[in-house]
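Here is a structure to question. Each answer sets a value against its definition.

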Amino acid sequence: MENSTAEIIQIPDIVLGQSEIVLPDVPSGYKVSLYGSDSLPVIDLEGKIHTPLVDVKVNLLLKVELEDSPDQKVITRNIAVIVPGLGKQTDELNEEPGVIPAVREWLGRTGDLILAPSSKIVVNPSDKGVLQKTAEITKEDLKEIGGYHLEVVYGQPNDGDIYLAIDNALAYLGKEGYVVDTDRHLSITSADAAGVFYGTRTVLQILKQHKPNHNRIPKGLIKDYPKYEIRGFMLDVGRKYYTIDFLRKYVKLMSWYKMNQFQIHLNDVVYLSPFDDGTYAAFRLESTRYPGLTSSSGSYSKEQFRNLQLLGMDYGINVIPEIDTPGHSGAFIRYNPSFGSGHNLNINNQNAVDFVKGLFDEYTEGDHPTFIGPDVHIGMDEYHVGAALNQEAIETFRKYMDTMINHLGSKGKRPYLWGGLTIYSGVTPISNNATMDIWSVSDGDPQQAIDLGYDVVNVEGTTTYIVPTMKDYLDAQFLYNDWEPNKWTSVQLPFGHPKLKGGKFALWNDASEARGISMDDAHDRLFPIVQVMAEKMWTGSRADKNYDEFANRAAGVGEAPSANLSHKLHVENDNGNVITYRFENQFEDSSGNGFNGIGHNVAITSGKYGKGARLKGGESYIQTPLRSLGFGWVVSMWINPDADNPDDAIILESPEGLLKLTQGNTGKLGFSKENYHTYFDYQVPAGRWTHLLLTGDKRGTTLYVNGDEYIEQADKVTGAPVTSRPIQTFVLPIEKIGSTTNSFKGVIDNFMIFNMPIDLLKTNVNFALNKPVEASSSAIVNFTPEKAVDGNSGTRWSSVETNPWFSIDLGEQKAISRVVINWETAFAKRYKIFVSSGGQQWTNVKGDDGIIYGNGGREAIPFDEISARYVKFEGIESGTIHGYSFFEFEVFGSGKKMDQYHDLIVQAEQLFALNKGSSSIRGQLLALLNDFPYNFDHSIIPLRRLIGTLQESIDERTPRLS
């Protein structure tokens, strides 16, 4: 059989207008048929050709079998063919719109369609029942993107309208495929409502990027369809609770990028620290059949979860609930300890088996079931992981798998399960009426699953898993250049294999609770991967695209309407000034953005310079028109607190978090996000003016007091062990200055917010970035030393041996005082840091034989400032069974000094307080004082000049004694 396929490397060329492919000749006694196509809307499995808009490459698979023994068959390797298109894309035609995922086919026209105030969203009247919701969502999204209020009507389109219709003739494109035809009006057609909806996402992405009016769409034809049927994301809410609002926004975000499967992992176990309720296991869904089962540390009602699935149906997203058994079952064992031990159910106990079946029954049966979608995930991974199961136990487990697959099938659901039939190999039959997520090739590889009759999905752990603070950021560039769902690390399936359904990526929260990972931190890790995975699962790889071009598209497309999970805000100011409240004219915003505030139980009083705002405690606040600001923010203010502020007195408040004058009973400045509470080792003094400047990014939050009088990066957590190494990030709450319940008491002045990061003293210039590096070894070719200085938290260096070294050449002598190591899971328990001027003689930064004791995570190593060109790490003892691995190795200096600036500020304040001299010069000087300490190094020269000029004007106006 192998010989019969070895010479089949091509089929006859396809010409324009050809309706079917021509199969190659095979020897007598054999027959050949088409087995797979990676572009079914162009060449379907019957070999029919659907002429594309432009030339399209299609990868085919052929099956050769014995005519007398069809069971004896062989599948060929991929055979690439070019299918000629109806037209040619030339330079004078409109370029392909830059959307994500990139469209499969585009044939441009010339000119643009311009939406006008008179434009309408027109729905074919016969399709109202299936497209009304799509039209209404599109109307709201257009309003958010461009401020347009397009009316939804039913009838035929006029010039400038957007027309939505079902066209059964497009059935060959599949349910998700669609056509956008833009000329005098724009039409979006598909054989199914899902395809029409995805077409609206494409059009909205185009409009979003046509700034400033968001009303232009290039004329042309789009024919678009997915390369892979399943394009998914799995979120572990068992180990960390995510609000239903977050999940609903992720439905919208995934749909924006034409992903179609959102798996919710509802139960699991944590080990590093307990949940708020003191437990180490959680099940997140309301259960009325088993009272007490649902976690008190966060859960969803049945109605909330049902509505989430209904929202998914509106947006083309299949929300798949996962109840993971018989491993990961600590929540069920906590409910009834007789069901098992640790986190593994005793599946020899029929009561435990019946409990799991009953739990699935609760959500799938009745007139108003909770699980309303077609699919349910039943887990089945890591049962007694690390333990050597005897064959009898394995056979019992196989029987349990079969039982649950058949049980869910009897409820009309398609089961999904994690692959693992290599380590659980046996003879007990298991139904293959299921789809298998292949997450570990060594546990169960894709070809084995296919041979057993399963559909497969690529969710490989080494490539597609995010585990915050452990496998922290995925490498988006690697995924774009080197990954597609047919590719595992050690196995590759051919393109177009009919049993390969697609891919997913996953976020697992093994350490998130212990390490302070918030929903915002999770999204920071997820969002770039949503973008790149969507591209690779819908479009696949294209020879005419590259990662830099993709990154530009990604920046332009951004987040979905009504799903700004990054809390980004664009303003026109060059310096990123979002809000400035001077309080000279009540709560007017002088940034130029018009974000005026409204005071509630707030009084205007004397401030630091001129007027300020007094907050009175309890319900006292300034309401802004904004909510929160994502990573890369700065807040600056003068504050004069009263002496009698209570615990947890609030300076800033929004649903995303609280900035507090007093964190709990510590009396110290701090912030709270979700169930995490952080404080600085600084108490704001009462009864006098203090300047606070805080800045936050994805690495952490830094406090500057009175410029450089006191500086601290947040690292103290109430109630958390030191070894937890929490991530101290913070999304800035800006909905209210003060609080609806527990405002601080005191006066603020010169309140400013910026959406651009500031390194006030230039202490965060990483001298090691992209500098030459050497290391004693590298574990594999992808984990080389330069990956640790590339500024990419998704790449890393890993050593082979247990006592490695890693050295950086900074290029020249630098005054350095801090090293920061962002560890992967394999951290150093004990290590040393050395510096050198010439690379020969080395000095230990911690003294003669100073040893640093590590805990993993993001680890800062401060030391006395020293001048050096070379910095070297030497490992002594690993904290794991592996070697050493870090994502980034960074080197920093002490930064600029503000002494001269402070002296000038004191002089300026003294002169200003005299209330004498030129009013014009006083106004200029006040402007510089108001900006304290922002851009202080650029203010020194103008400050000195204005102080001198004002002094001269005072002297000129002062009468002289004769």
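Q: What phi does Gly 540 take just after H12?
A: Gly 540 takes a positive phi of about 80°. This is a predicted model: local features need pLDDT of at least 70, side-chain atom pairs count only at pLDDT 80 or more, and totals for chains, interfaces and linings use all residues. Residues are numbered from 1 along each chain as its sequence is written, and side-chain values use heavy atoms, with hydrogens and water left out.

Q: How do you know that the span of helix H12 agrees with its number of residues?
A: Helices are DSSP runs of H or I, at least four residues; strands are runs of E, at least two; both are numbered from the N terminus. The expected span is 1.5 Å times one less than the number of residues. For the 20 residues of H12 (residues 519-538) that gives 28 Å, and the end C-alpha atoms are 27 Å apart, so the two agree.

Q: Why is Lys 501 called buried?
A: Buried means under 20% relative accessible area, exposed over 50%, partly exposed in between (1.4 Å probe, protein chains only). Lys 501 has 18% relative accessibility, so it counts as buried. Its place is in strand S24 (residues 500-507).

Q: How much of H12 is buried?
A: H12 is mostly covered, with 18 of its 20 residues buried.

Q: What makes S9 and S11 a pair?
A: Two strands pair if DSSP finds at least two bridges between them. Strand S9 (residues 178-182) is joined to strand S11 (residues 216-224) by 5 bridges, and they run antiparallel. Thr 182 stands opposite Gly 220 in S11.
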